[in-house]
Structure formats: structure tokens, C-alpha cells
Amino acid sequence: GSSSSNEATNAMRKANEKTENFRVSPAKLGSADIVHTLAFPSISTADFQFDLEKASDIIVEKAEEFLPKVGTARLVLVDLSHGSKILSLVKAKASQKNIDSASFFTFVGDITKLRSEGGLHCNVIANATNWRLKPGGGGVNAAIFKASGPDLETATRVRANTLLPGKAVVVPLPSTCPLHNAEGITHVIHVLGPNMNPNRPDNLNNDYTKGCKTLREAYTSLFEGFLSVVQ
Ligand code: AR6
């Protein structure tokens with residue numbers, strides 16, 4: 001009757017209100033039963049000024065491509081605020097494509113404090129870095145290097161000194177690193193995305209043909225790097 005359909009509508013409305021961070025409880029995991037989880041920021045869309053609509057299409061496309069390959073592992077797009085436009089776009093597009101929301105979801109929080117402050121254990125995090133793989137510069141790169149102490153720079157140097165746009169490098173973190181022992185993060189994957197900011201190196205001058213190609217390559221390199229950790 002109409003009252004039960006009203007109830008159903010209300011239940012749906014309630015479910016839709018809980019927009020952010022609804023996956024906190026399934027993520028409460030001991031180290032023994034860890035579900036491999038990659039937390040990644042939206043590459044290139046802040047300091048590098050990449051278009052958000054185009055970036056959100058690419059994130060959803062690449063997540064959909066890689067989910068069958070990662071098995072039970074999870075991919076989580078992270079940003080700092082509940083008002084994040086990139087999180088809203090990706091969430092809407094992923095749900096349109098019926099992507100399994102237990103395997104790919106968005107999460108609001110500081111990527112360096114996901115377990116301690118958000119209750120979400122991610123054993124791998126991605127960093128939107130610069131071509132020199134150097135600390136600082138603001139954004140997520142500054143936050144991740146700062147939270148790691150000197151360990152991340154040392155561990156990074158063993159692997160690489162520079163990075164090309166579209167490429168990623170997997171860096172294992174020593175157990176002495178605060179990100180490892182406080183947050184349970186065992187690997188950082190540095191990713192260099194395409195740059196549309198005229199004040200940064202390798203500016204593509206709004207060439208989105210090149211830019212989209214490079215952003216796709218960046219997510220491919222990132223997810224392949226994550227696969228190499230999971231396997
Ligand atoms: N936790 C989660 N997400 C964050 C955090 C954080 N602590 N900080 C920023 N974000 P950006 P880019 C989000 O600018 O555009 C650096 O200077 C942010 O809201 O960090 O690839 C490097 O050295 C956005 O959604 O990276 C490079 O030179 C996303 O992370 C340059 O910026 C990426 O924003 C790279 O620029």
C-alpha cells in the first residue's frame with residue numbers, strides 16, 4: 001500500500017543522506033586479516049589545475065578497468081573536505097556505472113591520518129608528487145613527506161631520483177617510519193600527473209588531448225604499482 005511505499009522512500013532518503021564515510025566500520029581490521037587497500041588523491045586536480053570533469057571520468061574509467069584485477073582489494077579516492085567536487089563527481093559517475101561500492105569508494109580525510117582519525121586502514125597510499133620527488137610544494141605531497149619524517153625521502157632515493165609525467169614509483173616504507181607504525185602504511189606510490197599550471201614545470205598549456213592521455217597513464221601506473229604490492 002501507499003504507507004509501505006512511503007516507508008521505502010523514507011529509508012532510501014535516509015540512506016542517501018549518509019553520503020560520506022559510510023564504510024568506516026568494515027575497514028576496522030586487525031593486521032592479520034588485512035584487506036589490501038589503496039588510498040589515492042585525485043592526481044593533478046589541485047596545484048596542477050587539471051579539469052575536474054575530465055579527471056573524474058578518467059578515475060572512474062580506470063577504477064572500473066582495474067577492479068577485476070585487484071580481487072578483494074579496495075581502491076579509495078580521498079580528499080580533505082566533504083565539499084570536495086572531485087569526490088562528488090566520482091561518486092556520482094561510479095554509481096551510474098554500477099561499480100561495486102565496497103571495492104571502490106570515496107572517503108573524506110587527511111590521507112596521512114586515515115586509520116588514526118578516520119578508522120580506515122589503507123596499507124598503501126598514493127602521492128601526487130613533483131618530477132624531482134622532493135618534499136614540500138604544498139598539497140598532498142607536502143603532507144605525505146612531512147608525516148613520514150626523513151624516512152620517505154631516503155626510501156624514495158633508493159628507487160628513483162626523478163619521475164616522468166604519467167609514471168609512478170612504488171616505495172616500501174621502513175617500519176621506523178611514522179606513517180608505517182602509526183597508520184599501518186607499508187608503501188607509498190608516488191605518481192606524477194599532467195600539469196596545466198603555467199607556473200609549474202612541463203605545463204601542457206591546456207592541451208587536454210595530451211593531458212588526458214598522460215592522466216590515464218598515471219592511473220594505469222598507479223594501479224599496476226598497487227597490483228605489484230597486492231600480489
Ligand atoms: N589528504 C588528502 N587529500 C589531499 C591532501 C591530504 N593531506 N592534501 C591535498 N589533497 P595536489 P596536484 C588533495 O595539489 O594537483 C605539489 O606541490 C587535493 O584536495 O596535492 O597533482 C607537488 O609537489 C586534491 O584533490 O596535487 C606537485 O608539484 C588532490 O589531493 C603538485 O603539487 C591533489 O592535489 C602536484 O599537483
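The ligand sits in the largest pocket. Keep in mind that this is a predicted model.

Let me start with the pocket itself. Its volume is about 780 Å³. The lining counts 37 residues, and the closest to the pocket centre are Asp 47, Ala 128, Gly 138, Gly 139 and Val 140. Two elements, E2 and H5, each give two or more residues to that lining. H5 has the largest share, with 4 residues. By class, the lining divides into 17 nonpolar, 13 polar and 7 charged residues.

Now the ligand. There are 24 residues around it, and Ser 44, Asp 79, Asn 130, Gly 137 and Val 140 come nearest. Which elements supply at least two residues each to this shell? Strand E2, residues 74-79, and helix H5, residues 139-148. H5 gives the most here, again 4 residues. The class split of the shell is 10 nonpolar, 11 polar and 3 charged.

Next, the polar contacts, all to oxygen atoms of the ligand. Val 140 puts a polar backbone atom 2.8 Å from a ligand oxygen. Asn 130 uses its side chain: an N or O atom there is 2.9 Å from a ligand oxygen. Phe 48 works through the backbone, with an N or O atom 3.0 Å from an oxygen of the ligand.

How much of the ligand does the protein cover? On its own, the ligand has 710 Å² of accessible area, and the protein covers 91% of that.

One residue to take away is Val 140. It is among the residues closest to the pocket centre, it is among those nearest the ligand, and its backbone has that 2.8 Å pair with a ligand oxygen.

Technical notes
Residues numbered from 1 in each chain as written. Predicted model: local features only at pLDDT ≥ 70, side-chain atom pairs only at ≥ 80, totals over all residues. Heavy atoms only, no water. Near = heavy atom within 4 Å. Polar contact = N/O pair within 3.5 Å; in protein donor to acceptor, adjacent residues only side chain to side chain. Areas by Shrake-Rupley, 256 points an atom, 1.4 Å probe, with all protein chains shown as cover. 1 Å grid on protein atoms, 1.4 Å probe; cavity = no way out; pocket = protein on both sides within 12 Å on 5 of 7 lines; lining within 4 Å. Sits in = over half its atoms within 2 Å of the grid points. Nonpolar A, V, L, I, M, F, W, Y, C, P; charged D, E, K, R; others polar. Points joined across faces, edges and corners; volume = space filled by probe spheres on them.
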